Amino acid sequence: MHLQYSFIIPVYNRPDEIEELLVSFLNLKTTLNFEIVIVEDGSNHSSETVVNTFKDRLNIAYFFKENSGPGDSRNFGMQQATGNYFIILDSDCVLPPGYLNEVDASLSSEFVDCFGGPDAAEASFTTLQKAINFSMTSFITTGGIRGHKNQIGKFQPRSFNMGLSNAAFKVSKGFGTIHPGEDPDLSIRLWDLGFNTKLIPEAFVYHKRRISWSKFYTQVNKFGKVRPILNLWHPQTAKLTYWFPTLFIFGFLVAITAFIFHFEWFLMLYILYFIIAFFLSLMQSKSIIVALLSIPAICIQFGGYGYGFFKSFLKIHVFKKEAKQVFPELFFKLFK
């Protein structure tokens, strides 16, 4: 099958991000034709003016719709696209020059209807962005679920860097209304429908994550809340590993309590873990500051996710509450 690529990019109040992303499209080293579909999701700060400055250099279609969340906006964009293979990006990503060639080479060699690629930190990122990138991508923290060859389990593409064939989109109906969590939900439904997914390690993006410590906590806390909901919808995918952040935090509290009563060895295990994380981050970033910031980043990631997961598990699985009633902030209304 001849692949015609359409990039689908939802954006919400981020015209500066769109400009940076579109510049990276201009710098792609490829002879492949592609289109870019930008979907403005009810923004107050429109990206249309920025997009118009690129229309004479890139094949871009711009659409504005009422706010209904990134999942529904991606669906809307795929419905408007002319290609037969969609590449979905977040607006805070930047493409390296060889990105599209890597995607095309991998799909030409081993076609799948859905792929995902990793995210990475660019040299120009702030120390905070690099530290959070380490905590979100390192095997020692996430188990490689965001894109590593040695990840644990079947790969679930993430929508910041994800490909989906038009055939798979039509059968699956695309993303649901939950957010975050719409991407693993789609991956699991695709598996149930007989489609395959894979990781393309070479097709990475620079994920800028314009974020603060508080925003990072809110983000990972939502990730934690979503997972028990997905486990309820797709019980065959539930894993003990999803409990690790919660157990890590409870164990840390126990270790501190034990230390007070002169049982130091348990806390020493945590200190050893953080020392290992520090040196791994140092080797990756070549920065002591980034390595130091990686420690609170890991604590916030585990704390936010672990607490969100435990709270959601109790409400959803123990007390049998309806997810949309107890966590309305995780669901968007569909665009009509």
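## A bridge across the chain

Let's start with a pair of charged side chains: Glu20 and Lys208 meet in a salt bridge, 3.5 Å from N to O. A salt bridge here is a side-chain nitrogen of Lys or Arg within 4 Å of a carboxyl oxygen of Asp or Glu. Glu20 and Lys208 link distant parts of the chain, as they sit 188 residues apart. Glu20 belongs to helix 1 (residues 15-26), while Lys208 is in the loop between strand 10 (205-207) and helix 9 (213-233). Helices (H or I, at least four residues) and strands (E, at least two) are DSSP runs, numbered from the N terminus.

How covered are the two partners? Glu20 is partly exposed, with a relative accessible area of 30%, whereas Lys208 counts as buried at 8%. Buried means under 20% relative accessible area, exposed means over 50%, and partly exposed is in between, with a 1.4 Å probe and protein chains only.

## What you are looking at

This is a predicted model, in which local features need pLDDT of at least 70 and side-chain atom pairs count only at pLDDT 80 or more, while totals for chains, interfaces and linings use all residues. Residues are numbered from 1 along each chain as its sequence is written, and side-chain values use heavy atoms, with hydrogens and water left out.

## Arg74 and its two partners

The count of salt bridges comes to 9. Side chains of opposite charge can pair when their charged atoms come close. One of the pairs is Asp90 with Arg74, at 3.7 Å from N to O. Asp90 lies in the loop between strand 4 (85-89) and strand 5 (93-94) and Arg74 in helix 3 (residues 70-80), so this salt bridge ties together parts that are 16 residues apart in sequence.

Arg74 also forms a salt bridge with Glu182, and here the closest N and O atoms are 2.9 Å apart. This pair links distant parts of the chain, with Arg74 in helix 3 and Glu182 in helix 8 (residues 182-192), 108 residues apart. By sharing partners, the salt bridges join Arg74, Asp90 and Glu182 into one network. Arg74 is buried at 2% relative accessibility, and Glu182 is buried at 2% as well.

## Strand 8, under cover

Strand 8 (residues 161-165) is mostly covered, with 5 of its 5 residues buried. In a regular strand the side chains alternate between the two faces of the sheet. In strand 8 both faces are covered: Asn161, Gly163 and Ser165 are buried on one side, and Met162 and Leu164 on the other.

Which strands pair with strand 8? Strand 4 does so in the antiparallel sense over 5 bridges, and strand 6 (residues 114-116) pairs with it, also antiparallel, over 3 bridges. Two strands count as paired if DSSP finds at least two bridges between them. Ile88 has Met162 of strand 8 as its bridge partner, and Phe115 stands opposite Gly163.

## A three-strand sheet

Elsewhere, 3 strands form an open sheet in the order 5-10-7, with mixed pairing. Its edge strands are strand 5 and strand 7 (119-120), each of which pairs on one side only. Strand 5 and strand 10 pair in the antiparallel sense over 2 bridges. Here Cys93 has His207 in strand 10 as its bridge partner.

## Two buried threonines

Thr246 is found in helix 10 and counts as buried at 2% relative accessibility. What does Thr246 touch, leaving aside its neighbours within four places in sequence? Thr246 is in contact (heavy atoms within 4.5 Å) with Gly306, Phe309 and Phe310.

Thr137 is in helix 5 (residues 127-137) and is buried at 7% relative accessibility. A polar atom of the Thr137 side chain lies 2.6 Å from the backbone oxygen of Asn133.

## A nonpolar patch outside

On the surface, Ile256, Ile260, Phe261, Phe263, Trp265 and Leu269 form a nonpolar patch, with about 690 Å² of accessible area together. Patches are made of residues with over 30% relative accessible area and no salt bridge: like charges are joined within 9 Å, and nonpolar side chains (Val, Leu, Ile, Met, Phe, Trp, Tyr) within 5 Å. Accessible areas come from the Shrake-Rupley method with a 1.4 Å probe, and for residues only the protein chains shown count as cover.

Where do the patch residues come from? Helix 10 (244-260) and helix 11 (265-285) each supply at least two of them. Phe263 is in the loop between helix 10 and helix 11.

Technical notes: Polar contact = N/O pair within 3.5 Å; in protein donor to acceptor, adjacent residues only side chain to side chain.
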